[in-house]
Amino acid sequence: MSKLVIALLAAVFGLSACGDKEAVVVYKQGSYSGKTDGKPWENAAFAGDKAKWEGSIRARGQAQNESKRVGD
Amino acid sequence: MARMKFLCDSERCIECNGCVTACKNENEVPWGVNRRRVVTLGDGLPGEKSVSVACMHCSDAPCMAVCPVDCFYHTDEGVVLHDKDMCIGCGYCFYACPFGAPQYPQTGAFGQRGKMDKCTFCAGGPEADHSEEEFKKYGRNRLAEGKLPLCAEMCSTKALLGGDGDVVADIFRDRALKRGKGGEMWGWGSAYGKPEQKPDAKKPEVKS
């Protein structure tokens, strides 16, 4: 009897580590089903102002153009 | 909407590896992983060419096509990102990628692979912007700060350009038209050339 209890306890505790945490909410073959990613302008810095974000990216892009920075 | 792209001007790249260092530092990339690297052809020979390579954020990305768990996604800005919580570290994307962009941290003995890591165009990943989880898994989210990837922004010779594909293409086209060919391409004439002589300039008298 005690052997049976020990075996049952061993099975319960031994297999308790075999659980797998669900990483995917809904899995659909052929399409991304992971976590959603927010827009880069939806944060405290831009407060959802897409035009402001695009202006910042455009300005940064032009800063790479040395012709515009130092003249011809 | 911007379509984010990288462009490396091999006529300008001096193989300083500043882009590699910037990337590693900015994103605190783990040991053994290089999201960006500089490849040199004909190293040490006259006419050697270097090019800085990372994920090119393909429009029709092969990594995305072969991933068995579909952990990749395109952002609206055209950046290819992936969810590390879904990645199983199989390495299919590494075989599919023509640029060798996907990297794997060694997480244990016997070459055991961790979850895939690659260039994010400094756009972080699918976690809350500027959160600790995002930084730990994917690195900085510079796009959410209105900035471009640091590798391109700090390139000393501006060989590596990053940003909206149209803007980057315009900068490069303008540059290629202005620099011409031959020695002028890399500034020999500007640095060491003689000032232009007018045809009617009086020659100095030479005493015999």
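Here a colleague and a modeller talk through chain B of a predicted model.

Colleague: How do you know how far to trust chain B?

Modeller: This is a predicted model, and pLDDT is the predictor's own confidence on a scale from 0 to 100. Chain B has a mean pLDDT of 88, and 87% of its residues reach 70 or more. For the complex, the predictor gives an ipTM of 0.80 and a pTM of 0.79.

Colleague: Thanks! How many helices and strands does chain B have, and how do the elements run?

Modeller: Chain B has 7 helices and 6 strands. Starting at the N terminus, the order is β-α-β-β-α-β-β-α-α-α-β-α-α.

Colleague: What makes C19(B) a buried residue of helix 1?

Modeller: A residue is called buried when 20 or more other C-beta atoms lie within 10 Å of its own. C19(B) is among the buried residues of helix 1 of chain B, along with A22(B), C23(B) and N27(B), so C19(B) meets that cut-off.

Colleague: Why are these residues said to be on the same side of helix 1 of chain B?

Modeller: Because they cover an arc of only 100° around the axis. The cover over these buried residues includes strand 3 (49-53), helix 5 and strand 6 of chain B. Just after helix 1 of chain B comes E28(B), with a positive phi near 45°.

Colleague: And what makes the largest nonpolar core a core?

Modeller: Its members must be buried nonpolar residues of certain types, joined through C-beta atoms within 7 Å. The largest such core has 47 residues, and F72(B), F121(B), C151(B), A152(B) and L160(B) touch the most other members. Among the elements that give two or more residues to this core are helix 2 (50-62) of chain A and strand 1 (4-8) of chain B. In soluble globular proteins, nonpolar side chains tend to be buried together.

Colleague: Which residues is F121(B) in contact with, leaving aside its neighbours within four places in sequence?

Modeller: They are M4(B), H57(B), V79(B), L143(B) and P149(B). Each is called a contact because its C-beta atom lies within 7 Å of that of F121(B).

Colleague: How many residues of chain B are in contact with chain A?

Modeller: There are 31 residues of chain B in contact with 27 residues of chain A. Helix 6 of chain B gives the most to that side of chain B, with 4 residues. The residues on this side divide into 16 nonpolar, 5 polar and 10 charged.

How values were computed:
Residues numbered from 1 in each chain as written. Chains lettered and ligands numbered in written order. Predicted model: local features only at pLDDT ≥ 70, side-chain atom pairs only at ≥ 80, totals over all residues. Contact = placed C-beta atoms within 7 Å. Nonpolar A, V, L, I, M, F, W, Y, C, P; charged D, E, K, R; others polar. Buried ≥ 20, exposed ≤ 12 C-beta atoms within 10 Å, placed from the backbone. Arc of directions from axis to C-beta.
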